[in-house]
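Open the viewer and keep the selection tool at hand. This tour goes stop by stop and says what to select at each one.

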Amino acid sequence: MDGITYQCLGLLQLKTTILAVKFNGGVIIGSDSRASMGESYVSSKTINKLIQVHDRIFCCIAGSLADAQAVTKMAKFQLSFHSIQMESPPLVKAAASIMRELCYNNKEELQAGFITAGWDRKKGPQIYVVSLGGMLLSQPFTIGGSGSTYIYGYVDAKFKPDMSLEEAIQFSTNALALAMGRDNVSGGVVHLVVITEAEVKHVVVPGNKLPKFHDE
Amino acid sequence: VLPLLSHCSLTMIAVQMKSHCEYDLSASTFSPDGRVFQVEYAMKAVENSSTAIGIRCKDGVVFGVEKLILSKLYEQGSNKRIFNIDRHVGMAVAGLLADARSLSEVSREEASNFRSNYGHDIPLKHLADRVAMYVHAYTLYSAVRPFGCSFILGSYDEDDGPQLYMVDPSGISYGYWGCAIGKAKQAAKTEIEKLQVGVNILYIHIDIYIVHDEVKDKAFELELSWVGEVTKGRHELVPKDIKEEAEKYAKESLEEEDDSDEDNM
């Protein structure tokens with residue numbers, strides 16, 4: 001094996017761009033679709049980083065893909081069991097707490113961070129960030145992954161509380177497009193999931209339909 | 001477990017019903033008519049204790065416990081029979097107090113673990129089911145005895161409203177609008193049934209005073225607690241001034257009732 005391939009057999013990283021934003025009546029959770037190995041090899045152009053852990057609760061993942069899949073699989077199982085015991089759909093906070101317990105108690109071994117977002121009957125739309133070491137934080141919008149560093153200015157300037165659905169979709173698409181435009185390990189298509197009380201809608205914006213900005 | 005004939009002859013003298021013989025020695029044995037006597041005996045232990053009442057009102061839950069004072073040397077307020085399980089849950093007990101204390105610890109751990117895992121207050125139905133499962137486990141084996149206490153759990157939540165559940169030594173939990181456990185539970189239940197939905201704590205006092213008189217014990221101390229909109233969802237002992245006002249009202253109502261022939265509720 002030559003040197004480059006040996007390096008690439010290391011962690012399959014999701015250096016990525018993920019975001020979640022609350023709008024009037026729901027949340028949008030979104031991500032790019034690139035998975036990379038090492039600095040220059042794109043191992044997948046169409047990976048799905050938006051994992052459904054319950055009917056109205058989604059997680060998006062950043063960091064080691066293997067760790068993230070293991071944690072979300074475990075969380076999905078625990079959440080489903082919890083929801084059946086409670087005889088009602090789980091709270092978004094409960095889902096985020098389960099992920100947090102898993103991340104915190106296994107912090108030595110794991111290298112994955114999550115954004116958990118969804119809708120529940122009690123508090124409506126919510127977004128929780130579960131970071132690498134197991135911190136849990138609730139926010140009105142949040143961005144994550146390596147591509148997020150390029151769009152902090154944009155989201156800080158453009159976010160408004162209580163946006164309409166159309167405004168929120170435009171906001172998310174623009175943010176992801178800008179990040180993907182500058183970050184070499186983010187790219188592909190934009191995956192968005194819109195979660196409201198009534199339904200869960202998956203929106204895909206392919207690369208050639210992304211908004212264009214002056215830098216291009 | 002083979003029945004011991006010598007033991008059986010002794011119990012035949014002591015026990016009235018012959019069918020109890022051989023089948024009541026352990027919780028792991030059914031009687032021929034399908035009863036587990038050990039569990040029934042545990043429920044008798046509850047019936048020997050003084051009364052505890054819980055009422056689910058439209059904006060909260062109230063507990064009242066009649067604590068019989070067996071000695072003038074008892075410190076007032078000791079031997080509490082109402083426990084805080086979590087900020088929003090209260091538990092009133094009747095039966096063997098030591099068993100009840102142990103179960104309150106179990107409930108506390110259950111509520112605390114839930115909060116630690118899921119990040120929010122435990123729903124009362126779930127807590128009642130979990131503790132009932134624990135109580136039930138002790139009715140399955142001959143190596144342990146069933147818990148000799150019943151308890152009433154109550155909570156208030158903005159979204160789910162007031163909730164009241166009762167767990168008995170057999171390990172079942174029921175939701176109630178109003179329930180009573182202990183010596184005078186039948187009389188208390190009759191009084192509670194007369195109440196309309198949506199009352200407040202004054203009526204708990206009247207109930208306890210009425211059923212206490214019927215039992216004809218000497219002095220008693222009343223322990224009152226509530227959880228509801230008025231306490232913002234926290235379970236607390238009723239403040240002294242409100243308690244005294246309610247006690248006064250109860251005593252006056254009882255005197256009126258004694259004087260008049262008809263029932264003034």
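Which side chain meets Arg108(B) in a salt bridge, with N to O at 3.0 Å? Select Arg108(B) and Glu105(B) to see the pair: their side chains form that salt bridge. Keep in mind throughout that this is a predicted model.

**Stop 1: a pair within one helix**

Stay on chain B and show helix 3, residues 97-118. Arg108(B) and Glu105(B) both belong to this helix, 3 residues apart. That spacing is about one helical turn. Now turn on the surface. Arg108(B) is partly exposed, at 27% relative accessibility. Glu105(B) is partly exposed too, with a relative accessible area of 41%. Side chains of opposite charge can pair when their charged atoms come close.

**Stop 2: a network in chain B**

Next, select Asp86(B), Arg87(B), Arg115(B) and Asp121(B). Salt bridges link these four residues in a network. Searching the whole structure, over all chains, gives 19 salt bridges.

**Stop 3: where the chains meet**

Zoom out and colour by chain. Select the contact residues: 13 in chain A and 13 in chain B. Together the two chains bury about 1,100 Å². Carbon and sulfur atoms account for 49% of that area. Now pick His82(A), Met86(A) and Lys122(A). These three supply 38% of the area that chain A buries against chain B, more than any other three residues.

How many residue pairs are in polar contact between chain A and chain B? The count is 4, with both residues of each pair at pLDDT 80 or more. Now look at the chain A side of the contact. Helix 2 (65-86) and helix 3 (92-105) of chain A are the elements that give two or more residues to it. Helix 3 of chain A has the largest share, 6 residues. Colour this side of chain A by residue type: 4 residues are nonpolar, 3 are polar and 6 are charged.

**Stop 4: salt bridges across the interface**

How many salt bridges cross the interface of chain A and chain B? There are 3. Visit them in turn.

Begin with Asp160(B) and Arg121(A). Their closest N and O atoms are 3.5 Å apart. Asp160(B) sits in the loop between strand 5 (149-157) and strand 6 (161-167) of chain B. Arg121(A) sits in the loop between strand 8 (112-120) and strand 9 (124-130) of chain A. Asp160(B) is partly exposed, with a relative accessible area of 38%, whereas Arg121(A) is exposed at 62%.

Move to Lys122(A) and Asp159(B), whose side chains meet in a salt bridge of 3.8 Å, N to O. Lys122(A) lies in the loop between strand 8 and strand 9 of chain A, and Asp159(B) in the loop between strand 5 and strand 6 of chain B, so this pair joins two chains. Lys122(A) counts as partly exposed at 35% relative accessibility. Asp159(B) is partly exposed as well, with a relative accessible area of 39%.

Keep Lys122(A) selected and add Asp157(B). Their side chains also meet in a salt bridge, at 3.4 Å, N to O.

**Stop 5: an annotated stretch**

Finish with residues 23-45 of chain B. An unreviewed UniProt entry annotates this span as "domain: Proteasome alpha-type subunits". Select its two end C-alpha atoms: they lie 19 Å apart. The span is 39% helix and 0% strand.

Note on methods:
Residues are numbered from 1 along each chain as its sequence is written. Chains are lettered from A and ligands numbered from 1 in the order in which they are written. This is a predicted model: local features need pLDDT of at least 70, side-chain atom pairs count only at pLDDT 80 or more; totals for chains, interfaces and linings use all residues. Side-chain values use heavy atoms; hydrogens and water are left out. Contact means heavy atoms within 4.5 Å. Buried area is the accessible area (1.4 Å probe) that two parts lose on being put together, summed over both. A polar contact is a pair of N or O atoms within 3.5 Å; within protein, one must be able to donate a hydrogen and the other to accept it, and residues adjacent in sequence count only if both atoms are side-chain atoms. Helices (H or I, at least four residues) and strands (E, at least two) are DSSP runs, numbered from the N terminus. Ala, Val, Leu, Ile, Met, Phe, Trp, Tyr, Cys and Pro count as nonpolar, Asp, Glu, Lys and Arg as charged, and the others, Gly among them, as polar. Buried means under 20% relative accessible area, exposed over 50%, partly exposed in between (1.4 Å probe, protein chains only). UniProt positions are given in the numbering used here, feature names are shortened, and annotations may be inferred rather than shown by experiment.
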